[in-house]
Amino acid sequence: SETGCLSVIVLGASGDLAKKKTFPALFNLYRQGFLPADEVHIFGYARTKISDEELRNRLHGYLIQEKNPSPQHSEDLSKFLQLIKYVSGSYDTEEGFKRLDKEISQHEILKNSSEGSSRRLFYLALPPSVYPPVCKMIRKCCMNKSDLGGWTRIVVEKPFGKDLESAENLSAQIGELFDEPQIYRIDHYLGKELVQNLLVLRFANRFFLPLWNRDNIDNVQIVFREDFGTEGRGGYFDEYGIIRDIIQNHLLQVLCLVAMEKPVSLKPEHIRDEKVKVLQSVLPIKDEEVVLGQYHGYRDDPTVPDLSNTPTFASVVLRIHNERWEGVPFILKAGKALNSRKAEIRVQFKDVPGDIFKSKKQGRNEFVIRLQPSEAMYMKLTVKQPGLEMSTVQSELDLSYRQRYQDVAIPEAYERLILDTIRGDQQHFVRRDELRAAWEIFTPLLHRIDNGEIKPIPYRPGSRGPAEADELQAKAGYVQTHGY
Ligand code: BG6
């Protein structure tokens, strides 16, 4: 049942993720009417002993968002904060969770009076090491008990394990406590507007159907750049590195949507079935198709070991062994402390056979999907240079979201995904077998890196990353084109 009282419980309520992502997303959903005050209650749970008021005060600064909030905004915010209660307790003993359960139940009685089911959403904004004990406690003490139906769901975030074995281990432990449909594994890239658009783009447009294959596409790049380093979270980052932080999850998910076959329908299981097939078709990564980097100054962070070999940059070529993609390199590249902040997909087409214009020097057709910043899709193509001469020039067909959809506020990834968890839509979440297949691809490489067999090349902060990555890209067939 999708009606009745809804309790959202944010575990790790005073942590970074909760403050920066979870609560702001909840607030935005509230403002848009998706969390009606007569149905919803929000609970924060963490170890720190603070009062409701203290948690609300701490959250206030993160939720204000605007410099000069309108009176409406301020009013919404104070009403929203009143919906939040705080319970403190440890993550591995029953005592705190029993108190939490009591609070939730009281609120359910209050809001439901005599009818309606109850829904309990547990958001684990916590490090994965405590997922197993926390899930155990939820299972034991905090499940929905309403006779009138409802549900209990849990939401977890990456890093979901460190390699195949640890991820499988974690999955098995949680799998004993909750059924797969109750578990929502967030990859927030799946909540981004232009990532969600990929399915529509590919399967609702005649343009792309005949072109989207090895006969026409030369190579695909999926790139993530950030213009800041790992300051403030060096300790976390050093344990994981850029492949686990970005490539194995965010970029690989994007690759699945770019490369998958058409699903039977839009049912989440049908979509995820196709994504798993792509992952299972990826060939083992070759060492010579990997470039790692680490920016100068990374080790200056006091929480990073002096001799750390953790990559803050990686470029990896993946090859999909199937009828559609054989021979087409997918270059996945991610880096911290680079020259810009950008995430984009670049699909580069082959040269025109029997070219009569010598237009090749202008560059190839390229289809670019910019996920951020300023969402856009553009097609780079060759046109006649306007004027009296017959010469060619590279130009663009450009769909910039800011211009085309001026009046539409594009929702934050977390907002969308949290709403999906409440609605019970698993389409944009990672299924257990998908996660396993993703780890299978990267685990051998990660182990070689962890063992020091492949070392990162130093690069200058604010640069494009190691020059070797550009060479790898060129070797894989990418031709630098003009324009943007
Ligand atoms: C997170 C990574 O998953 O994604 C961060 O842990 C990274 O290192 C962030 O900065 C990037 O997300 P976005 O939405 O800003 O591209």
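**Exercise 1. Strand 5 and its neighbour**

Task: Determine how many of the 8 residues of strand 5 (residues 150–157) are buried, and establish which strand is joined to strand 5 by 6 bridges.

Solution. Step 1: In this predicted model, 7 of the 8 residues of strand 5 are buried, so the strand is largely enclosed by the rest of the structure. Step 2: The strand joined to strand 5 is strand 4 (residues 118–124), with 6 bridges between the two. Step 3: These two strands run parallel. Step 4: One bridge can be located by residue, since Y123 has V155 in strand 5 as its bridge partner.

**Exercise 2. Strand 12 between two partners**

Task: Describe the surroundings of strand 12 (residues 366–372), and identify the residues that pair with E366.

Solution. Step 1: Burial is considered at the outset. In strand 12, 7 of the 7 residues are buried, so the rest of the structure largely encloses it. Step 2: Strand 11 (residues 342–349) is joined to strand 12 by 6 bridges, and the two run antiparallel. Step 3: Strand 13 (residues 376–384) also pairs with strand 12 in the antiparallel sense, over 5 bridges. Step 4: E366 in strand 12 stands opposite Q348, and the bridge partner of E366 in strand 13 is K380. Step 5: The connection between strand 12 and strand 13 is a hairpin with 3 residues between the strands. In the turn, S374 has a positive phi of about 40°.

**Exercise 3. Helix 8**

Task: State where helix 8 (residues 234–259) is kinked, and decide whether the helix is largely enclosed or largely open.

Solution. Step 1: The kink is centred on G241 and amounts to about 95°. Step 2: Of the 26 residues of helix 8, 23 are buried, so the rest of the structure largely encloses this helix. Step 3: Helix 8 also contributes 3 residues to the shell around the ligand, which is the largest share.

**Exercise 4. The ligand and its shell**

Task: Characterise the residues that surround the ligand, and list side chains that place a polar atom beside a ligand oxygen atom.

Solution. Step 1: The ligand is surrounded by 13 residues, and the closest are K158, Y189, E226, D245 and K336. Step 2: Sorted by class, the shell holds 7 charged, 3 polar and 3 nonpolar residues. Step 3: A polar side-chain atom of D245 is 2.5 Å from an oxygen atom of the ligand. For K192, a polar side-chain atom lies 2.6 Å from a ligand oxygen atom. In H250, an N or O atom of the side chain is 2.7 Å from an oxygen atom of the ligand. Step 4: The ligand taken alone exposes 400 Å², and the protein buries 83% of that.

**Exercise 5. Two helix residues**

Task: Classify E108 and R139 as buried, partly exposed or exposed, and report one spatial relation for each residue.

Solution. Step 1: E108 is placed in helix 4 (residues 94–112). Step 2: The relative accessible area of E108 is 9%, so this residue is buried, the limit for that class being under 20%. Step 3: The side chain of E108 is joined to that of R120 by a polar contact of 2.9 Å. Step 4: R139 belongs to helix 5 (residues 131–141). Step 5: With a relative accessible area of 39%, R139 is partly exposed. Step 6: R139 and F178 are 39 residues apart along the chain, and their C-alpha atoms are separated by 7.8 Å.

Terms used: Residues are numbered from 1 along each chain as its sequence is written. This is a predicted model: local features need pLDDT of at least 70, side-chain atom pairs count only at pLDDT 80 or more; totals for chains, interfaces and linings use all residues. Side-chain values use heavy atoms; hydrogens and water are left out. The bend at a residue is the angle between axes fitted to the seven residues ending there and the seven starting there. Helices (H or I, at least four residues) and strands (E, at least two) are DSSP runs, numbered from the N terminus. Buried means under 20% relative accessible area, exposed over 50%, partly exposed in between (1.4 Å probe, protein chains only). A residue is near a molecule or strand if one of its heavy atoms lies within 4 Å of it. A polar contact is a pair of N or O atoms within 3.5 Å; within protein, one must be able to donate a hydrogen and the other to accept it, and residues adjacent in sequence count only if both atoms are side-chain atoms. Accessible areas come from the Shrake-Rupley method with a 1.4 Å probe; for residues, only the protein chains shown count as cover. Ala, Val, Leu, Ile, Met, Phe, Trp, Tyr, Cys and Pro count as nonpolar, Asp, Glu, Lys and Arg as charged, and the others, Gly among them, as polar. Two strands pair if DSSP finds at least two bridges between them.
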